[in-house]
Amino acid sequence: MPIDELVATVAVTIPDFPEPGVLFRDLTPVFADPVAFRRVVDALTEPADVDPRAAALSGTNGGPGFDVVAGIEARGFLLGAAVALDAGTGVVPVRKAGKLPREVVSASYDLEYGAATLELHTDSIEPGQRVLVVDDVLATGGTLQAAIALVEQLGGIVTSVAVVVELLGLGGRERIAPHPVHALWRT
């Protein structure tokens, strides 16, 4: 079964969550299914393995197209850690404000239904380090735009963005352009 069909079949859509008018795509059943989760991790890792932009930016031709994975709180932690393990790299957490104990950089952004701030330890990304940013859903792009800004503020190079679900019609892909986006299920 193609990966988009698999995710669509296993994920659960919850209407009016977290507020009326929002269709929430619950991916926890995908994470709980060992076959589906394995396929999702492989699919999220795959395009970054051969991303020509990553090779051009780094001047390398071998290995994955990234040195580290940035996983965005909270479901991006699960995905980012699995992708990093699969690719043989490290993972750094992009956290909500106030959760990291050392010096941080911060970026605030708007959500479909509110506002938030993300933080990253100042020593978690080295200048020139190639970063794959991983999250569960790309909607309006605010969360990913903030995460990308944090990585770039520290001198990292975002070589690709990988998500399980892209919600079409909300402008997320355009908001984080020109960064390449790999979405497993576009709906």
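User: Hi! Which strands does helix α1 lie across, and at what angle does α1 run to β9?
Analyst: Helix α1 (residues 3-10) lies across β8 and β9, at about 55 degrees to β9. Helices (H or I, at least four residues) and strands (E, at least two) are DSSP runs numbered from the N terminus; angles, from 0 to 180 degrees, are between N-to-C directions of lines fitted to C-alpha atoms, for helices over the stretch in contact. This is a predicted model: local features need pLDDT of at least 70 and side-chain atom pairs pLDDT 80 or more, while totals for chains, interfaces and linings use all residues. Numbering starts from 1 along each chain as its sequence is written, and side-chain values use heavy atoms, without hydrogens and water.

User: And what does α6 touch?
Analyst: Helix α6 packs on the sheet and is in contact (heavy atoms within 4.5 Å) with β3, β4, β5, β6, β7 and β8. The direction of α6 makes about 160 degrees with that of β5. Buried residues of α6 (under 20% relative accessible area, 1.4 Å probe, protein chains only; exposed is over 50%, partly exposed in between) include Leu144, Ile148 and Val151.

User: What's the strand order in that sheet?
Analyst: The order is β5-β6-β4-β3-β7-β8-β9, an open sheet of seven strands with mixed pairing (at least two DSSP bridges per pair). β5 and β9 stand at the edges with a single partner strand each, so one side of each has no neighbour in the sheet.

User: How many bridges join β8 to β9?
Analyst: Five, and the two strands run parallel. Val165 stands opposite Trp185 of β9.

User: Switching to Asp136: buried or exposed?
Analyst: Asp136 is buried, because its relative accessibility is 6%. Asp136 lies in strand β7 (residues 130-138).

User: What does the side chain of Asp136 make a polar contact with?
Analyst: With the side chain of Arg75, at 2.3 Å. A polar contact is an N or O pair within 3.5 Å; within protein, one atom must be able to donate a hydrogen and the other to accept it, and residues adjacent in sequence count only if both are side-chain atoms. Leaving out residues up to four places away in sequence, Asp136 also touches Val165, among others.

User: Where are the cis peptide bonds you'd show me?
Analyst: One is from Glu73 to Ala74, with omega near 0 degrees, and Ala74 sits in the loop between β3 and α5. Another runs from Ala177 to Pro178, with omega near 15 degrees; Pro178 is in the loop between α7 and β9.

User: What is the phi of Asp16?
Analyst: About 60 degrees, positive although Asp16 is not a glycine. Most residues other than glycine have a negative phi. Asp16 is in the loop between β1 and β2 and is partly exposed, at 48% relative accessible area.
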